[in-house]
Amino acid sequence: MRHDASCFYCVKDQRRDDLMIQVAPLEVSTLFLFREQSYRGRCIVAFRDHARELFELTPEELGAYARDLARAARAVQGAVSPDKINYGAFADKQGHLHVHLVPKVKDGKSWGGMFEMMPEPRELLQPDEYQGLVTRLRAGLAP
Ligand SMILES: [Zn+2]
């Protein structure tokens, strides 16, 4: 297992929890709800190990990660009914493979363009609103 002691995805510490809420473990990754919710239902699918690039994964891991992404995206679609889901993978700085799932609404924020990574001001929700999204996402993960 690849691990980086300075990476918050690997260490699973407060830096991670300040940014996201764990929704559910998937086959080779974990689904998180992003706390910043300018794009309602925005999530992250983080690979289980500290891989930097897709080509570092075995064929089996790659197939499983693609299945996880599709399953998570279906759950996002079911939870918030966007017109399109954007998929963003960057990780320039901390280098742990993860993909942003960003629901977009026709003619809404950033429609037709690149989503904002960290919009200002941050749109944060009330605890019961986060819980409602987590519940809907979990329901959408069911086979
Ligand atoms: Zn890591």
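**Exercise 1. The nonpolar core**

Find how many residues the largest nonpolar core has, and which of them have the most contacts inside it.

Solution. The largest nonpolar core has 30 residues, and V23, L31, L33, V45, Y65, L101 and L137 have the most contacts inside it. A nonpolar core here is a set of buried Ala, Val, Leu, Ile, Met, Phe, Trp, Tyr and Cys residues joined through side-chain atoms within 4.5 Å. Next, look at where the residues come from: β1 (20–25), β2 (29–34), β3, α3 (59–80), β5 and α4 each supply at least two of them. The largest share, eight residues, is from α3. Helices (H or I, at least four residues) and strands (E, at least two) are DSSP runs, numbered from the N terminus.

The model is predicted: local features need pLDDT of at least 70, side-chain atom pairs count only at pLDDT 80 or more, and totals for chains, interfaces and linings use all residues. Residues are numbered from 1 along each chain as its sequence is written, and side-chain values use heavy atoms, with hydrogens and water left out.

**Exercise 2. Strand β5**

State how many residues of strand β5 (residues 98–104) are buried, and which strands join it.

Solution. Start with burial, where buried means under 20% relative accessible area, exposed over 50%, and partly exposed in between (1.4 Å probe, protein chains only). Seven of the seven residues of β5 are buried. In a regular strand the side chains alternate between the two faces of the sheet. On one side of β5 are H98, H100, V102 and K104, on the other V99, L101 and P103, and both faces are covered.

Then take the neighbours; two strands pair if DSSP finds at least two bridges between them. Strand β3 (residues 43–47) runs antiparallel to β5 and is joined to it by four bridges; here A46 stands opposite H98. Strand β4 (residues 84–88) is also antiparallel to β5, with five bridges, and Y87 has L101 as its bridge partner.

**Exercise 3. The zinc site**

Name the residues that coordinate the zinc ion and give the geometry of the site.

Solution. The donors are C7 (SG), C10 (SG), H50 (ND1) and H96 (ND1), at 2.0 to 2.3 Å. Donors are N, O and S atoms within 2.8 Å of the metal (3.2 Å for Na, K and Ca); water is not among the atoms, so sites may look incomplete. The angles among the four donor atoms are 104 to 119°, and the site is tetrahedral, a label that needs all angles of four donors to lie between 85 and 135 degrees. Along the sequence the donor residues are spaced C-x2-C-x39-H-x45-H.

Two of the donors can be checked for burial. C7 counts as buried because its relative accessibility is 1%; C10 is buried at 9%. G95, in the loop between β4 and β5, is buried at 1%. The C-alpha atoms of G95 and C7 are separated by 8.1 Å, although the two residues are 88 apart along the chain.

**Exercise 4. Aromatic rings**

Count the aromatic pairs and describe the one formed by F90 and F115.

Solution. Rings of Phe, Tyr and Trp (its six-membered ring) pair if their centres lie within 6.5 Å; planes under 30 degrees apart count as stacked, over 60 as edge-to-face and the rest as tilted. The count is five aromatic pairs. F90 and F115 are edge-to-face, 6.2 Å centre to centre with 75° between the planes. They lie 25 residues apart, F90 in the loop between β4 and β5 and F115 in the loop between β5 and α4 (127–141). F90 is partly exposed at 40%, whereas F115 is buried at 5%.

Key
Four donors count as tetrahedral if all angles lie between 85 and 135 degrees; four count as square planar and six as octahedral if opposite donors are over 155 degrees apart and all others between 65 and 115; anything else is irregular.
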